[in-house]
Every structure is written in C-alpha cells, then in structure tokens.
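Reader: Hello! I am new to this structure and would love a close look at a single part of it. Could you pick one spot and then lead me from there through what lies around it?

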Amino acid sequence: MPTSPSETFERWLRELPPARLEPVASRYAARAKELGLCVTQPDGSEKAIPPVLSPFVVDDAWLKAQVDAAQHLTALVHRVTSGMLAGPEKTSILDALFPFERTCIESAGLAERLATVRADLFVGERGAQALELNATIPAMQGYSDIAVRAFLEAVGPELGLDAKAIERAVTDNGENARALFDALQLFCRARTGKPFERVALVHRPQDAQLSELRYLSRRWEQLGVRTFVIEVGELAWDGARVTARGEPVDFVYRHIFARRIEPDSGLGQMLQKRQTLPLSNPVAAPLEMKATFAELSRTAHEPALAKRYGLNDAALERVRAFVPWTRPLKHGPTDGPEGERIDELVAHVAHEPARYVLKRSWDYGGRAVFLGFEADLPVTRERAAAAFGEPLAWPELVKRAADDPRGGGFVVQERVVTQAAEHLLVTADGARWLPFFTDFSVYASLGQQTPGWGGVVRASTSAVVNIASGGGVAPVLRAQAAAPLLAALAKK
C-alpha cells in the first residue's frame, strides 16, 4: 500500500539517526526563531513557538477546494449576518458585542469587503469542516511562511538540494504573506482607486504577535512599499490625512481588537466611519459570532429560514458539506445532527457529552470552549472554574452555559471527530515525537477574489487547538514544492 507524501517524510525522519536528525532540527528551530516564529512576551523578550519538523503535504486541488469553500462560507455567513442585523435578532447580536464594537457596527455598518479572513478546519470522517470564522485578526500568514522556509532551508541540504533548488521550492510553495499583501492592495484600490505605497501595521502595546508583524513588514518592504509597524497610539488621523509617528501613510492594516481601541483615538475615529477609508480590516465582529454560524447551520435543515436569507440549493449543499451542525444552546425542541427530533436540547446535550462541544457565541482565544468528550478531565473543570467561578461536572456545566447570556450566550456544535497523532516537535530540549491535535486553517477574502491564499497547520496538546495551550506550527508543503525533496528521498 503506497504511503502519502506526509507519511514518507515521517518515515524518513523516524529512521534518521540522532546524529543526523539533531543538526537538522537545530537548524530548523534556529532559523524559524530568527525569521520571527515567536511570541513576544510582556517584557519585550521573544519566546520561540516550537516548529513541527514533520510536514503536511497537501494536494493543490484539495487546498484550492478548501480555500474556495472558505471564500463561499464567508459570503454565506455575511449574508446571514446581514439578514439577522436587519431582523428581530439585531438587538441580541449587538448586545453581545463589546461597547466599541457595537458603536462601530452601528455607525459604519457591517463591512461588505474584508481583505482577509481565516476559516479554522478540522479534517474528520466527513472531510474538512469549518469550526469557525476569524474576521478581525486572521493572523499566522507570516508564521506559516516562516515554518515553510525554515523547513526547506534545514531539510533541503540534508537531501542534497542546493540553494537555488531550495529557493525554487519556497517560490513554488507560494506565500500567505504575499497573498495578504495582494489582498490589501485590492482592498486599497477599491477604496481609493490606487495601490498603497506606505502602509501602517497597527498593533496593541506588547502585542504577542509582534515578531510576525515585523516579518510581514520586511517581506512587504521587499515588494516595494514603505512599512511602519506601530502601536495604536502612534497612528493619527485628522479627518483627511493618516500619519504614523508623524509620517504620512496611505493605508492602515489593523492588527488589534476593537475592544482595545480608544474611541477617540485616530484609529478609533477611522473605524467609526462608513466604508470609504483606506483601512483593513473594518470591524466585523458579528461575522465571527458563533450565533451567526449557528443560524447558517440551521438553514441547511429549515427551508423557510433558507428562503429568508435567499440561499439556493447550491449554497445549502455547501453548508451541509462544510459546516458542522451548530445550534443556540437553549431549552426546548430542535432537530439533531442526523435530523432526529430532540425534545429538550439542554437535557440532551447534558446526557450525551461525547457528541458535542459548547462555545460562547462571542469570545476570543478558545477560553469558553468546552469539549464533551473531555468532560471528566481536569482541563474541563479548570475551564469551567475560569468561566463560571467553580469547577462543574458536565450536566451542570451545560445548564449554566444555557442560562448564561454573556457574549450572546452559548452554542452547541456537533463534535468533528479527529484524533491526536504523533508529530516531531522541536524545542530547546531537542526533537521529540509527541501526540498532538492539529487543525488546518485556510485564508480567504470577502467581496474580492484574492489569488494565492494557502493554509497553516497548528499543533496543540489540547483538542481546543491553540498555540498558547502548548504546541507549535507545522510547515504546509504544496505538492510542487515537496516534489524535489520526495524525489531525493526516493533515491535513498
């Protein structure tokens, strides 16, 4: 039985003697940290994000299909969210937002165009399914590129590739940083009629992803624009002219949550204006809310609801294929994941924890996500204590979540079953095979077709995949970029 390209790399790495593996792993980790695969600490120091040395090799057609699906998903979420904001659900959506987010939506409206979004996928028995959509800071374009370049530069020489061949492989793999640049230029042309030449990348003080922003800055400088990586307080706007540390800029890339922005600041004033300013991404928090995701999921099973939002059969097929069953966690009857009738949803979820995941509709960083299949583990009790002030058993946790209105309440989502698998993580202690859960995220845009988007793989010890919970970033290799490495391995 033939192995996949990813398995071919894994077998080679497992068979590589430690005397040869350790230098490769060391070069890989050092180069990744040098390029910026780091978390910036509150004191300004940088802590390396451990890179995963075992790569994910993806077929070009499969990757394109996921990017296209994410593009369509974003448009569908936008259509449903717009309908909810124009309907009786408007108040519940706005009440769930942070005050300044609400101000921006009420004054500027829901964005019709976003340069970049990110769909976070689990690849399970039904194929790739989107767990949620990120539209505020859909980051890791730089991190993903760093992991690829560092991997090719570390592994390439071990397999006999020279510098030219390695650089060709980097080019063949494509760049999310370049796709982001192109997306922002498309956005800017739509707003101003011309591309930008001076761009400000605006972040919060002590931003954890500062090294990634600096990587993007360096890469975009190579593409011929002047870049400014600045804190939000260093941006000014007088109603006509934008400046960064006193120097004029003609475009702003926002890398800061609206809740961290002072409404009277330059960026705060820009975000409250209608969609005519050279700024991306506008505030689009309702697109990220799990409640709007749940509403989209309902349309696949409720014809009247699909008709309300104008979704045709093709759109509904996409929803069924790409969106796991998701519902507001409320008392009362509903349909289940297999179309079965559920007389009392809260009691049903409390009784069958292994099938479900609970998520607060509006929150960041996976803090209020509860996995039913981990109901008896200490991590679930710890998360419950952080959210509700005390450790809770699953039945009580479900009841408390159903009765909690904060952040728009909770939704319940059918678990997309994925298993932990061993990956080769490189830390300061060396390279070790450890069990990790992984997700596959793909980038897309709203209201524009941006070529070149790819993906990123995060590996985490927790099934709530988040780098901060322990884990790292894995290189995603497209088939053409992996080909010379695989050819070299075939000769061994």
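Author: Happy to! Let's begin with I49, which counts as buried because its relative accessibility is 3%, under the 20% cut-off for that word. Please keep in mind throughout that this is a predicted model. I49 belongs to the loop that links β2 (46–48) to β3 (56–58). To get a feeling for distances, take I49 together with Q275: 226 residues separate them in sequence, and their C-alpha atoms are 36 Å apart in space.

From here we can turn to L53. Not counting neighbours within four places in sequence, L53 touches L13, L21, A25, Y28, F151, V155, L424 and V426. L53 is also one of the residues with the most contacts inside the largest nonpolar core, along with L73, W220 and L267. That core has 145 residues. Its biggest contributor is helix α3 (residues 60–85), which supplies 10 residues. As a general background, nonpolar side chains in soluble globular proteins tend to be buried together.

Two of those well-connected core residues lead us to helix pairs. Take L73 to begin with: it is among the residues through which α3 meets α12, together with L76, V77, V80, T81 and M84 on the α3 side. On the α12 side, the contact is made by A291, T292, F293, E295 and L296. The two axes come within 9 Å and cross at roughly 100 degrees, which makes α3 roughly perpendicular to α12.

W220 takes us to the other pair. The axes of helix α8 (residues 176–192) and helix α9 (residues 210–222) approach within 10 Å, with a crossing of roughly 70 degrees. These two helices are therefore roughly perpendicular to each other. W220 takes part in this contact from α9, as do Y215, L216 and R219, while α8 brings A177, L180, F181 and L184.

Now let's follow α12 onward. This helix (residues 290–299) lies across β13, β16 and β18, and runs at about 120 degrees to β13. Those strands are part of an open sheet of four strands, ordered β13-β18-β16-β17 with antiparallel pairing. Its edges are β13 (326–328) and β17 (369–371); each has a single partner strand, so one side of each is left without a neighbour in the sheet. From one strand to the next, the twist averages 20 degrees. Within this sheet, strand β16 (residues 356–360) and β18 pair in the antiparallel sense over five bridges, and V357 has Q413 of β18 as its bridge partner. Another helix, α16 (residues 378–388), lies across β16, β17 and β18, at about 150 degrees to β17.

Beside the largest core, there is a second, separate core of 23 residues, which includes A375, L397, A401 and V412.

The loop leading into β18 is worth a pause too. Between α17 (394–402) and β18 (410–414) sits D404, which counts as buried because its relative accessibility is 7%. Its side chain makes a polar contact of 3.0 Å with the side chain of R360. Beyond its neighbours within four places in sequence, D404 is in contact with R360, F388, G409 and F410.

A smaller set of strands deserves a look as well: β8-β9-β10 is an open sheet of three strands with antiparallel pairing. Here β8 (235–237) and β10 (247–249) stand at the edges with a single partner strand each, so one side of each lacks a neighbour in the sheet. On average, neighbouring strands are turned by 35 degrees against each other, direction ignored. β8 pairs with strand β9 (residues 242–244) over three bridges, and W237 stands opposite V242 in β9. The loop between β9 and β10 holds R245, a residue other than glycine whose phi is positive, near 55 degrees.

Finally, two more backbone details. Most residues other than glycine have a negative phi, and most peptide bonds are trans. M140 has a positive phi of about 85 degrees although it is not a glycine; M140 lies in the loop between β5 (127–134) and α6 (141–158) and is buried, with a relative accessible area of 4%. Meanwhile, S280 and N281 are joined by a cis peptide bond, with omega about 0 degrees, and N281 is found in the loop between β12 (279–280) and α11 (285–288).

Key:
Residues are numbered from 1 along each chain as its sequence is written. This is a predicted model: local features need pLDDT of at least 70, side-chain atom pairs count only at pLDDT 80 or more; totals for chains, interfaces and linings use all residues. Side-chain values use heavy atoms; hydrogens and water are left out. Buried means under 20% relative accessible area, exposed over 50%, partly exposed in between (1.4 Å probe, protein chains only). A polar contact is a pair of N or O atoms within 3.5 Å; within protein, one must be able to donate a hydrogen and the other to accept it, and residues adjacent in sequence count only if both atoms are side-chain atoms. Contact means heavy atoms within 4.5 Å. A nonpolar core is a set of buried Ala, Val, Leu, Ile, Met, Phe, Trp, Tyr and Cys residues joined through side-chain atoms within 4.5 Å. Two strands pair if DSSP finds at least two bridges between them. Axes are lines fitted to C-alpha atoms, for helices over the stretch in contact, and angles run from 0 to 180 degrees between N-to-C directions. Angles under 35 degrees count as roughly parallel, over 145 as roughly antiparallel, 65 to 115 as roughly perpendicular and the rest as oblique.
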